[in-house]
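Please work through the following exercises on confidence, sheet pairing, helix packing and chain contact. Each task is followed by a solution in steps.

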Amino acid sequence: MSVGLISLIILIIAVLGYVAGRARAVQSAGGDIRRLHSLPGYYGQTVMLASAVPAFLVMILWLLVQPLYIESRVTSLIAPADIADGSSRALVMADVRRISDGLDVAVGQGAMTEVDLDRMRADISDVRGRLALVGVAIGSDVEQSVFVAAKEYRQLSGTLRWILAAVVIGLALAGAAYAWTRINKEFRARNVSERAVKALLILCSVTAILTTVGIVASLVFETLHFFRLYPARDFFFSSTWNPQFRGGSDLGIIPLLWGTLYVSFVALVVAVPVGLMAAIYMAEYASRRVRSVVKPAIEVLAGIPTIVYGLFALITVGPLLRDYFAQPLGLGTSSSSVMTAGLVMGIMLIPFVSSLSDDVINAVPQAMRDGSFGLGATQSETVRQVILPAALPGIVGAILLAASRAIGETMIVVLGAGAAAKLSLNPFEAMTTITVKIVSQLTGDTEFASPETLVAFALGLSLFVVTLGLNIIALYVVRKYREQYE
Amino acid sequence: MTDISTTGPQRIPSSLFAADARTKRRNAAEWRFRLYGMIAVGIGLLALVGLLSTVLYNGSSAFFQTFIKLDIYLDPEELDPTGARNIEEISKVTTFGYKPLIEAAFATAFESPEFGIEGVSVKDAADLISSEGAAQLRRYVLANPEAIGQTVGFDFLADGRIDGYYKGRVTMASAELDSNVSPQQLQLADQLKGAGLLSTHWNWGFLTMADASENRPEAAGLGVAIIGSLYMMVVVLVLALPIGVAASIYLEEFAPKNWFTDIIEVNISNLAAVPSIVFGILGLALFINTLGLPKSAPIVGGLVLTLMTLPTIIIATRASLKSVPPSIRDAALGVGASKMQAVFHHVLPLAMPGILTGTIIGLAQALGETAPLLLIGMVAFVRDFPAASPEGFFDPAAALPVQVYNWTQRADPAFVERASGAIIVLLVFLFIMNAVAILLRRRFERRW
C-alpha cells in the first residue's frame with residue numbers, strides 16, 4: 001500500500017468526518033443553529049483536524065524512522081566476508097536496497113512469483129541476470145548473504161508498510177470517532193479548533209529551527225567522523241591539499257582558504273567602490289527619471305542566477321583576461337584564474353552592495369545634509385564629510401554581508417577559478433576555493449567512509465561557521481546603526 | 001565703537017563674478033566626484049549589457065540546427081529478413097543495422113552527376129548525418145512497421161561538426177586537423193546545401209529532446225531538464241508556500257515577544273544568508289544518506305530548494321502582513337470575530353498579492369539555483385524522461401541550471417553553444433516569472 005494511497009484514505013476519512021461532525025452538531029441543536037456555541041462548520045473542523053493531523057504526523061515520523069530501523073535489522077545479515085576489498089558496509093547496503101527494489105519490480109511484472117523468490121538462492125541461480133531481464137541493473141554478482149539480506153529487507157519493509165497503514169488509518173478513525181462523540185450543542189468547537197490551528201502554525205514556524213538544527217547536526221556529525229579518520233591538526237594547519245583516492249592524502253584547508261579569501265578580496269575590490277559610488281550617485285545626484293530606469297536595471301544583475309555569471313567567466317572573461325593581460329605580461333596561460341572569478345563575482349556583488357548602501361544613505365536624516373549645505377559645503381563635500389561618516393557603520397555592515405556572499409559563492413568559482421590548490425600571490429594563476437572542493441569531493445559516486453569524501457563536511461562546517469560569523473557581526477552593526485537615527 | 005581696521009593684513013580682492021583658485025578647485029572636485037558616480041553606474045549597466053549580450057550571441061544559434069533531407073528506402077532484406085512483419089523480429093535489428101540504409105541512400109544520390117567529391121566514400125558521406133539518425137530511423141520503423149519496403153523522406157540532424165561549419169565553429173583549416181571530419185566532407189555538405197537537401201532551420205528538439213552523450217552534441221536537448229525543474233518547482237510551491245505563510249502568520253500576528261520567538265526570528269534571518277551549497281550538504285546527509293530517498297530525484301531537489309526558499313517567502317509574507325493596517329484587525333475584532341477569524345478572513349486575503357509576489361520571486365531564485373543540486377546527484381547523465389507524477393518525482397531527472405553546468409564540462413565546443421542556449425531558456429523563464437510578479441503587484445497592490 002503506497003504512501004500516496006494511505007494519505008488519500010486519511011483525507012477521505014477527514015472529509016467524511018467534517019460532514020458527520022457538522023451534521024451531528026446541527027442535529028444536537030435540533031436544526032436551529034442559533035443554539036450552537038459555534039458556527040456548525042467549526043464542529044466539522046474539530047473532527048477533521050482530530051483525524052487528519054495526528055495521523056499525518058505519525059506517518060511522517062514513521063517514514064523518518066523506518067529506514068534506520070530496517071537498516072539496523074538487516075545490516076547484521078551481511079557476512080563480513082562478502083564485503084569486497086575497498087568496499088564498505090554502506091555500499092553493500094545500497095546494493096541490498098537496489099536488489100530489494102529489483103525484486104519488487106520483478107514480482108510486479110510477473111517475471112517471478114513469491115514462491116519462486118522464497119526458493120531462490122543467489123549461489124545457485126543468476127540473480128543479476130534475472131533482474132537485468134526486468135530492467136534493473138546490479139553492479140556486481142550477488143553474494144548469498146547479500147541476497148538473503150535483500151529478501152529480508154524487502155519483507156521487512158513490506159510488513160512495516162502494512163503495519164504503518166493499519167496504525168495510521170486506525171489513528172485517523174479513532175481521532176474522528178473521539179472528536180465526533182464529544183460534539184453537542186454546548187461544545188466550544190471554535191475555541192478547540194482555533195487552538196489546534198494555532199498549534200499547527202507554531203509547528204510550521206519551528207521548521208526554521210529544525211533546518212538549522214539539521215544543518216548543524218549533519219555537518220558536525222560527519223565532521224567528527226572525519227576527524228576520527230584524519231587528524232584535525234593536519235586539516236587546519238597543513239598547507240598541502242592533495243587528495244588520493246587510495247589513501248594517504250594530504251587534506252590541509254590552508255590553500256583552499258587562501259584561494260577563497262583571495263577571490264573574495266578581488267571581488268570586493270571591484271564591487272565595493274563601484275557599488276558604493278553607484279549608490280551615492282543614485283541617492284544624491286540622479287534625477288528621479290534616471291533613478292527610475294537605472295536602479296531596476298542594476299537590480300536585474302542581482303536576479304541573474306550565478307550559473308550565468310559562471311558561464312560568463314568561463315567563455316568570455318577568462319579568455320579575454322588570458323589573451324590581453326596574463327599572456328602579454330607573462331603572468332600565466334590559464335583562462336581560469338583568481339582574477340577571472342574575482343572580477344565576475346565583483347560584478348555579481350555590485351547590486352548587492354549598491355542596494356544595501358542606498359538604503360543606508362537614504363536613512364541619514366535630511367537635516368544633516370541641510371546643515372552641511374548651510375555652511376556652504378558643496379554636494380560632494382557633504383557626501384564625503386557628513387553623509388559617509390554618518391552612514392559608515394551601515395556601509396561596513398553591507399560590505400561584511402557582501403564578503404560572506406563572496407566566500408559562500410560556488411558556481412562562479414567552480415567555472416572560473418580552477419581546481420588546483422595553490423598558495424600563490426599571482427592573481428592570474430588558477431587557484432581553488434573551499435566551495436569548489438566541496439563540490440568536487442561530493443559529486444559523482446562517492447563512498448561515505450573515506451576521509452577524502454568526509455573532508456567535504458569539515459570544509460562545509462568551516463564555511464558555515466565563517467559565513468555565519470560574518471552575518472551575525474554584520475546584522476549587529478546594521479541594527480546598532482539603525483537605532484542611532486530612529 | 002567697532003573699529004574696522006583698514007591697515008590689517010592685505011585682503012585678496014575677490015569678486016563674485018570670477019571664481020578664485022580655491023573655488024575652482026572645489027568645483028573641480030565636485031565635478032570629478034559626480035563623474036566617478038556616473039562611471040560606477042556606467043560599469044554596472046555595461047556589465048549587465050555585456051552579460052546578456054554574450055549569452056544571446058553565443059546561445060541563440062542553439063535553437064537552430066542543420067538538417068539533411070534524405071529519401072531512405074526501408075529495405076526489407078535488412079530490416080525484416082523473415083518477411084513476417086513481426087514486431088519482435090523487427091526490433092531485433094539494432095540501431096547499428098540501420099546505418100547501411102543511410103549509406104545506401106547516399107550511394108543512390110552519388111549516381112547523379114551533381115554530387116560526389118573525390119575521396120569521399122559512401123561511408124564518409126553517411127557520417128555527415130548524426131549517429132542519432134539511425135536511431136531515428138529505427139524508432140520510425142518500429143512505430144510504422146508497414147512502411148518497410150517503401151521509400152520515405154526523412155529530415156535527419158546533421159553531425160555536430162557539419163552544423164558547426166555552418167555556424168562558423170568549424171572551418172576548412174580546422175577540419176584538416178580534426179579526425180572526426182574532413183574538408184572533403186564539408187565540400188560535400190556544401191553540394192548538398194546547393195541542391196537544397198541541407199538546410200539550417202528552427203530546432204524544436206533543443207527544447208524537447210533528452211540530453212545526449214559527449215559525441216552527439218547535435219542531439220542534446222533540454223526536455224528532461226525542463227521537466228525536472230518543473231517538478232522541483234511544484235514541490236517547492238506545494239511545501240514552501242503553506243509552511244512559509246503559516247510561519248509568517250504565527251510570527252507576525254500571534255507570537256508573544258519571548259525568547260522562543262526570538263530564536264525563530266534569528267534562525268530565519270541567518271538561514272537567509274547561509275551559502276546555498278550548505279543546503280546541498282544538508283540534503284545529501286539528511287534526505288539521501290539518512291532517509292534513503294533516491295539520488296538525482298526531483299523530490300530531493302525540491303525539498304532542498306524548499307528549505308532554501310522558505311526564508312525568502314517568510315520575509316516577504318511578513319512584510320505584506322505588516323502592511324495591512326491595524327484598523328482592519330480592529331474592525332473585525334470589534335464586530336465579534338475571534339483573532340483567528342480576523343486574520344484568516346480579513347488580513348490574509350488583503351495580504352495575498354504581496355505574498356504571491358514574494359513567492360514567485362522565491363521560486364525564481366530556486367529555479368536558478370545550481371550548487372546544492374550538484375551535491376544531491378543531479379549532475380548524473382539522465383537520458384530517460386521521468387514518469388508522470390507522482391512516481392516521476394522519485395525518478396532521476398536533470399535541472400535547467402545543472403544541465404548548463406554539465407554541458408560546460410564537456411570537451412566539444414558545440415556544447416558551449418548548447419549551454420548558452422540553455423541559459424537563454426532559463427532567463428526566459430525567470431523573466432516571465434518576474435514579469436508576472438510585477439504585474440500582480442501593479443494590479444492588486446493597495447496603498448493604505
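The exercises below treat the model shown above.

This is a predicted model, in which local features need pLDDT of at least 70, side-chain atom pairs count only at pLDDT 80 or more, and totals for chains, interfaces and linings use all residues. Residues are numbered from 1 along each chain as its sequence is written, while chains are lettered from A and ligands numbered from 1 in the order in which they are written.

**Exercise 1. Confidence**

Task: State the mean pLDDT of chain A and of chain B, and identify the elements with the lowest and highest means in chain A and in chain B.

Solution.
Step 1. pLDDT is the predictor's confidence in each residue, from 0 to 100. Chain A averages 86, and 93% of the residues score at least 70. For chain B the average is 87, with 96% of the residues at 70 or above.
Step 2. Elements are DSSP runs numbered from the N terminus: helices are H or I with at least four residues, strands are E with at least two. In chain A, helix α5 (residues 127–133) has the lowest mean, 71, and helix α9 (residues 254–285) the highest, 94. In chain B, the lowest mean, 76, belongs to helix α3 (residues 87–90) and the highest, 94, to helix α15 (residues 326–334).
Step 3. The scores of the model are ipTM 0.89 and pTM 0.87.

**Exercise 2. The sheet of chain B**

Task: Determine the strand order of the open sheet in chain B and which strands stand at the edges.

Solution.
Step 1. Two strands pair if DSSP finds at least two bridges between them. Strand β1(B) (residues 64–73) and strand β2(B) (residues 151–157) run antiparallel and are joined by seven bridges; B:Ile68 has B:Phe156 as its bridge partner in β2(B).
Step 2. β1(B) also pairs with strand β3(B) (residues 198–202), in the antiparallel sense, over five bridges. Here B:Phe64 is matched with B:Trp202, and B:Gln65 stands opposite B:His201.
Step 3. The order is therefore β2-β1-β3, and β2 and β3 of chain B stand at the edges; each has a single partner strand, so one side of each is left without a neighbour in the sheet.
Step 4. Neighbouring strands of this sheet are turned by 35 degrees against each other on average, direction ignored.

**Exercise 3. Helix packing**

Task: Classify the packing of α1(B) with α19(B), of α10(A) with α12(A), and of α13(A) with α14(A).

Solution.
Step 1. Axes are lines fitted to C-alpha atoms, for helices over the stretch in contact, and angles run from 0 to 180 degrees between N-to-C directions. Angles under 35 degrees count as roughly parallel, over 145 as roughly antiparallel, 65 to 115 as roughly perpendicular and the rest as oblique.
Step 2. The axes of α1(B) (residues 21–59) and α19(B) (residues 414–444) come within 7 Å and cross at roughly 125 degrees, so these helices are oblique to each other. Among the residues in contact (C-beta atoms, placed from the backbone, within 7 Å) are B:Val55 and B:Leu56 of α1(B) and B:Ile423 and B:Ile424 of α19(B).
Step 3. For α10(A) (residues 288–303) and α12(A) (residues 338–363), the axes come within 8 Å and cross at roughly 125 degrees; this pair is therefore oblique as well. The contact includes A:Ile298 and A:Leu301 of α10(A) and A:Ile347 and A:Phe352 of α12(A).
Step 4. α13(A) (residues 366–374) and α14(A) (residues 379–408) pack at about 155 degrees with their axes 10 Å apart, which makes α13(A) roughly antiparallel to α14(A). Contact residues include A:Met368 and A:Phe373 of α13(A) and A:Val386 and A:Ile387 of α14(A).

**Exercise 4. The contact between the chains**

Task: Describe the side of chain B that touches chain A by its leading element and its residue classes.

Solution.
Step 1. On chain B, 70 residues are in contact with 69 residues of chain A.
Step 2. α1(B) gives the most to this side of chain B, with 19 residues.
Step 3. By class, this side has 51 nonpolar, 16 polar and three charged residues. Ala, Val, Leu, Ile, Met, Phe, Trp, Tyr, Cys and Pro count as nonpolar, Asp, Glu, Lys and Arg as charged, and the others, Gly among them, as polar.

Notes: Two residues are in contact if their C-beta atoms, placed from the backbone, lie within 7 Å.
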